[in-house]
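User: I should like a close look at a single part of this model, with each technical term explained as it appears. Please set out how that part packs against its neighbours and how far the prediction may be trusted.

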Amino acid sequence: MRVPAFRNLWYAQTFSLLGTQVTLLALPLAALLLLDASAAQVSLLAAAEYVPILLFGLPAGAWVERLPKRTVLLVSDAARAVALGVVPVAYALDLLTLPLLFAVAFAVGLGTLFFDVAQMSYLPALLDDEQLADGNAKLEGSRSFAQLAGPSGGGALVQVVSAPVAILVDALSYVASFAVLLFVKGRDTTTPPAERQSLGREIGEGVRFVVRHPLLRPLAIADAAANFAFAAVLALQVVYAADELHLGATAIGVVLAVGNAGGLLGALVSGPLSGRVPSGPLLIGSIVVFTAGAAVLPLAGGAVGFALGLFVVYLGVVVYNVVSVTLRQLATPERLMGRMNATLRFIEWGTLPLGAAIGGLLVAPLGIRAVLWLAAAVCAASVLAPLFSPVRALRSNTTEELQGAL
């Protein structure tokens, strides 16, 4: 926090994440309340924010490396603010339609993709190696806080001031992020024109770097497996709470809030743990923790058990994210940082719709508890790749020792 560039980046990231989380609720509510959208249309609207990952996830890294990272962050925030600002204006002019909301969701998702890749690629230029874990922990803490406060805040805004005004507030959160980013001053490198190749070659180089790297490959496999399982849990958690555990809306809200509180705790402890526990064992231990939480979910008999399971899941997930992202940043040369982040983001988020769809399809033949058991089993399997790789032997968070271990 004594590094001004990081401090301002952290503030901007917090504003941006709050806007993203409020948008996740406010846009579907606008479709439901203002346009009488069907359940299928609302689901497609939510999916529209992930379409940019599938279309532009891989080239985003190469583009980010060619441009100043702060510029990418500023443009991403400006684009999302403008896109969301269209909604209340269109509503006031009686021009709001579902196709327009789909276009807004796509634009917001595209801005979020570039913001995330640029932010993760920019951070190593602002902090020393030994500060990265603590910096990533603070950023993950902001993410957990946004996931805890954003949906509830968005719901309250919609109820009190209407969906269009709530979306206008979302747009202002990106304006706030933009304003703070103007004060981020740090080393910001770009790929020199003489070193650039065709876009296809650069994308291929980034993918090969991740796939062939003895550290990044097992992390990518673990990420893909865990996200596949979590997508099924996230898609079914409300249905499970309502239909199997017979919880009311208020109780479900409390349970989900308790789960996100586990993420906040994970963010608080991951920084100190990274300084005291070897990186490899800490990463593998975090997988064991979130797997244990996933196994508690199908055993739950009520709100307490369900909340406990989610709390432990989010605790392990956030510790894993902090350690994993830090190791990736340390293991990657600066010239490949954007493509590495984009490739891994493509892998991680690409499994989300697949896991959600398969989990939903398996409920009818197997039952929802059986699907949750399968998700826990996939979580357990995600430990195998890092366990039987050089990740297991990693001891510290410095570039020199990390490269020496590999």
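Analyst: The answer below begins with confidence, turns to helix 13 and its partners, and ends with helices 3 to 5 for context.

This is a predicted model, in which local features require pLDDT of at least 70 and side-chain atom pairs pLDDT 80 or more, while totals for chains, interfaces and linings use all residues. Residues are numbered from 1 along each chain as its sequence is written, and side-chain values use heavy atoms, without hydrogens and water.

The chain has a mean pLDDT (the predictor's confidence in each residue, from 0 to 100) of 84, and 90% of its residues reach 70 or more. Confidence is highest in helix 15 (residues 384-387), at 94, and lowest in helix 16 (residues 399-405), at a mean of 56. Where pLDDT is low, the predicted coordinates should not be read in detail.

Helices here are DSSP runs of H or I, at least four residues long, numbered from the N terminus. Helix 13 covers residues 337-366 and helix 14 residues 368-381; their axes come within 7 Å and cross at roughly 130°. Such axes are lines fitted to C-alpha atoms over the stretch in contact, and the angle, from 0 to 180 degrees, is taken between N-to-C directions. The two helices are therefore oblique to each other, a class left over once angles under 35 degrees (roughly parallel), over 145 (roughly antiparallel) and 65 to 115 (roughly perpendicular) are set aside. Their crossing is right-handed, that is, the near helix is turned clockwise from the far one by less than a right angle.

Contact means heavy atoms within 4.5 Å. Helix 13 contributes Gly359, Leu362, Val363 and Leu366, and helix 14 contributes Ile368, Ala370, Val371 and Leu374. Seven of these residues are nonpolar, one is polar and none is charged. Nonpolar means Ala, Val, Leu, Ile, Met, Phe, Trp, Tyr, Cys and Pro; charged means Asp, Glu, Lys and Arg; the others, Gly among them, are polar.

Helix 13 also meets helix 9 (residues 216-244): the axes come within 7 Å and cross at roughly 35°. This crossing is right-handed, and the contact has 17 nonpolar, five polar and two charged residues.

Elsewhere, helix 3 (residues 51-66) and helix 5 (residues 98-126) pack at about 35°, with axes 10 Å apart. Their crossing is right-handed. Helix 4 is followed by aspartate 94, whose phi is positive, near 60°.
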